[in-house]
Amino acid sequence: MKIEGKYKFLASQEHIWDLFMDQKNLEKAIPGCEKMEEREPGKYDVLLKIGIAAIKGTYTGKVEVVDPEPPNRYRLLGEGSGSPGFVKGEATIEFSQEGQHTIVSYQGDMQVGGLIAGIGQRMIGGIAKMMAGQFFKKMAKQLKS
Amino acid sequence: MPEQLKTFEHKKRNWVGKPLKRKEDLRLLTGRGTFMDDIRLPDMKHAAILRSPYPHAWIKGINVSEALNFPGVRGILTGEDVAKMSNPFPVGVPVPPKYYCCAIDKVRFVGEPVAVVVADDRYVAEDALDLITVDYEPLPVVMDIEEAMSPEAPVLHDNIGSNIYSQRFFQYGDMEKAYKEADLVVKGKFHFPKYGSTPIETYAVIASYNPFSEDFVIYNNYQGPFVNHSLVAIALGIPENKMRWIVPTDIGGGFGTKTGLYPYIALIALAAKKTGMTVKWIEDRREHLLASATATDRVTYMEAAVKKDGTILGLKDKAIDNTGGYIRAPEPGCAYRSTGNHTGGYQIRNLDREVLVVGTNKCLTAPSRGYTCQELYFSLERMIDLVASELGMDTAAIRFKNFIQTDQFPYTTPTGGIYDAGDYQKVFQMALDKIDYKKMREEQRNAREEGRLMGIGFSTVVDPSVTNIAYVTLALTPEQRAKGHPKSGSGEAVIIKMDPLGKVHVIACTNPQGQGHDTVISQIVADELGVHPDDVTVSNVVDTHDRLFSITTGSYSSRFASVVTTAVVTAARRLKDKMLKIAAHLLEANVEELEIQEGKIYVKGSPDKSMQVRHVAGTAHWNQAALPEGMDAGLYETCLYTMPTSQPPDELDRVNSSNTYGFMAEAIVVEVDPETGEVKILKWASVHDAGTILNPALLEGQVMGSCAHGLGGSLYEEWAYDENGQCITASFQDYLVPTAMEVPKIDIGHVEIPSPFTALGSKGAGESSCMSVPACIGNAIADALAPLGVIINELPLSPNKIWHLIQKAKKKG
């Protein structure tokens, strides 16, 4: 399914790019992220504990940053699986300056399978949006500190 | 066809035909029923099944080491074990896929079993599932029926090389001549969705294996044993007498889907054999909605060659059925089961058929809700309306024009079906009268002037009951059949016994799933033997060691009302004959002079020359020397009855695929809201000819249930998959089953046209309206939306779908 959205940060585009490239920030901001380890530059192993459609579970996965074009855009590839099923997706993250603000917009495609697909299909779009919102809020918090 | 069709004379009855309260209800309502989950065996362990989250993938490896070490886990069965311990299930197609009870090297639908954990309780087993890691290599999926046939489509089974499991061509009559003589050819394409029957009680198996006697005991809630006891024995590599199937007294619904239970019977049996434990598995609802069984989804192309006056000269159709990731018995029956009644209730003499059975990455199929007839009649009855529309003819008139006439019965269809009896005109007229048809057309005219979308729909269909298993061999050509062994029959076995005090016990094997068979059996026996229904008890569930059964035994295709009742009557009459012979011997009278009534056997004309039934019974058991010379002691009789009309197909591919043929006429009036696409049912008449009515209260329940099923299939139910092969209706949140709120008031009517082929004249009724209603509602909605130019050729007709169809038509027009 298609996912997209955007978020406004009060900071310069370069600052936001650096924020997003810092693994420590990502680890804190990704909902349910318990562990994030860089295997190779730009490739991360993650451990997530999240509830999707009221189904809580542990997911192990990989996230990869590809085609980075600092400070404007990069692509993110991710996949994770756990007992509740699997998730696979890719998104393009774009940064643009608007006066004092930086707009971060994302556009992507997500596939789910297994238990969560069968039970919560209609909710997944909304849940993805909600989790993206949580992520951006947490990133914004880290901007302040 | 048999030289002389065996017919019965019917007489007036005391108990059959009365709305006797059900014997089953007392135990069910007080919680004293015995269902699978009520069975507790010593040291019983519990199984949980790991299922594939991928629709199509190689299994590169399974790691169960962590799960095996989890406290409480007793053992784990994987595909590797299954491949070593069992054979693929046999299935009646020329090149079968290798279908085991568990995925071996590849998964082909979401939910396919990949491993089984056996543990001390279900909680532990489920937790252990989380610790199993499977390395999947996903493959591209194929979900669309027609795309599955293209050479570019991903192939599910390398040993077959394509996704086509079965394909045949049939020609009956002379379609070329029909085309030549036709004034018009009307064409249609129809898509019937995949949906199941979601019985309240899911699948359940309790299996144990004795390594010393090398045999299995398997409790289950299967509707059979049908052919599948034999198939599981072959899969497990054992003779049939080394596998005992036992069914508890009560099953919570089946509707055909429990004939798809047998792979799990094998799976849990193997888990029991590997672990040395007694293993219980109760399917949960999510598992059921992913990987139990549904009817096939089907694409149909149909052409009708017609004359201006509405006469349908011939049909040509191509039907493509989808059985999912594998094909399993009794498929490819989906393509052949309805052969005898393919032309419905009409005098259509020419037919060309192409049938294809294909596979996609969806879950597997079983007979469900009138096995193939929902799909057939949706196409046929929509077609009748399309023809009427092209000719500017009234949709009721065109049906009357083409119906088989009452003086034509028994009627042989061009495809070999022998319709026993019917009065289609009377049944349809009753439905028309019930909705006040003329008035409805007037109201529709007014409604259209006001811009309201009101529609009237009909469907008039033949209900084919009592499967003749010969139909499965139509998957082979006549030449292939000639080389092999023919198949035929519809047999059912009944034992009837009378104890020394004159009470009766009947033993049958119909495995009822809520139909109330025991009550009807008591009524029949009471009539035959002059006892009271309360004097009759019934055991009616399968025990393959202790009960008489054959490969046709079970409850499916509404066979109880026809073949089982005839077997009960026959066995009861044999018992009655014996009783009369004993009484004649003891009274020193002639057998022909004797009569039984209300517990007494007496000489007609001299009622004081009599004896009590229980004295006859007492003598048969207690004073065996007093019996006539050469007579067996005791009072037991059996009957394993197969209907003589169940013959193998002939060399022209004609077969009487069923044995009794009832008839339904549905008439439904709807209004569609153009803003929301919602459908409101204004009137609904459902008229049935099920032959002699055995118990009107039971029949009412059957009709209401089948109507609710039909409504579900028309507007609500769909077993849906997304384009990636994920099942998106794995809970009742998304798989919509009608509730009491959705089912409107239905005006039910009955016409009794007894079948001459059954002892009581009864035909089947259980599946009836689930076959006719989807077509009827489709027709009603098509009629409502006709002014907008909307074409209706698929189901379910959800508000969302209707709304989009209306928008699409608006854009065009």
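How far apart should the ends of helix α13 of chain B be, with 13 residues at 1.5 Å a residue? The first legend takes this up, and the others move on through the predicted model.

**Figure 1. Helix α13 of chain B and the glycine that follows.** Helix α13 covers residues 437-449 of chain B. At 1.5 Å a residue, its 13 residues should span 18 Å, and the end C-alpha atoms lie 19 Å apart, so the expected and modelled spans agree. Keep an eye on the backbone just beyond the helix: B:Gly451 comes just after α13(B) and has a positive phi of about 85°.

**Figure 2. Chain B as a whole.** Before going closer, it helps to step back for a moment. Chain B contains 20 helices and 28 strands. Along the principal axes, its C-alpha atoms occupy a box of roughly 90 × 75 × 55 Å. The radius of gyration is 27 Å, which agrees with the value near 28 Å for a compact globule of 813 residues. Of those 813 residues, 58% count as buried. Among contacts in chain B with a separation of 6 or more, 81% join residues 24 or more positions apart.

**Figure 3. Two domains of chain B and the contact between them.** In the domain assignment, domain 1 of chain B is made of two segments, 372-467 and 657-812, while domain 2 covers 491-641. The centres of these two domains, taken over C-alpha atoms, are 41 Å apart. Where they touch, domain 1 of chain B contributes 20 residues and domain 2 of chain B contributes 16 residues. The domain 1 side of this contact is made up of 7 nonpolar, 11 polar and 2 charged residues.

**Figure 4. B:Asn659 and its surroundings.** Is B:Asn659 buried or exposed? This residue is buried, because 30 other C-beta atoms lie within 10 Å, and 20 or more is the cut-off for that class. In chain B, B:Asn659 sits in the loop that links β25 (636-641) to β26 (660-672). Setting aside neighbours within four places in sequence, the contacts of B:Asn659 include B:Ser465, B:Val466 and B:Asn468. Also among them are B:Ser562, B:Val563, B:Met643 and B:Phe757. For a sense of distance, B:Ala526 is 133 residues from B:Asn659 in sequence, and their C-alpha atoms are 26 Å apart.

**Figure 5. Hairpins on both sides of β23 in chain B.** Start with strand β22 (residues 594-597), which pairs with strand β23 (residues 600-603) in the antiparallel sense through 4 bridges. B:Gln597 and B:Lys600 are bridge partners here. The hairpin has 2 residues between its strands, and B:Glu598 has a positive phi near 45°. Now follow β23(B) onward to strand β24 (residues 606-612): these two are also antiparallel, with 4 bridges. In this pairing, B:Ser606 in β24(B) stands opposite B:Val603. The hairpin of β23(B) and β24(B) has 2 residues between the strands, and B:Gly605 in the turn takes a positive phi of about 95°.

**Figure 6. Chain A and its order of elements.** Which elements does one meet in chain A, going from the N terminus on? The order is β-α-α-β-β-β-β-β-β-α, made up of 3 helices and 7 strands. The C-alpha atoms of chain A fit a box of roughly 45 × 30 × 30 Å along the principal axes. A compact globule of 145 residues would have a radius of gyration near 15 Å, and chain A, at 15 Å, agrees with that. Buried residues account for 26% of the 145 residues. Among contacts in chain A with a separation of 6 or more, 47% link residues 24 or more positions apart.

**Figure 7. Strands β3, β4 and β5 of chain A.** Strand β3 (residues 43-52) and strand β4 (residues 55-69) of chain A run antiparallel and share 10 bridges. One pair to look for is A:Tyr44 with A:Val63 in β4(A). On to the next pairing: β4(A) is joined to strand β5 (residues 73-82) by 9 bridges, again antiparallel. Here A:Val65 has A:Leu76 in β5(A) as its bridge partner. The hairpin formed by β4(A) and β5(A) has 3 residues between the strands.

**Figure 8. Where chain B meets chain A.** In this contact, 13 residues come from chain B and 12 residues from chain A. The chain B side divides into 7 nonpolar, 3 polar and 3 charged residues.

Note on methods:
Residues numbered from 1 in each chain as written. Chains lettered and ligands numbered in written order. Predicted model: local features only at pLDDT ≥ 70, side-chain atom pairs only at ≥ 80, totals over all residues. Domains from an automatic or database assignment. Contact = placed C-beta atoms within 7 Å. Nonpolar A, V, L, I, M, F, W, Y, C, P; charged D, E, K, R; others polar. Rg over C-alpha atoms; globule rule 2.2 N^0.38 Å. Buried ≥ 20, exposed ≤ 12 C-beta atoms within 10 Å, placed from the backbone. Expected span 1.5 Å × (residues − 1). Pairing = 2+ DSSP bridges.
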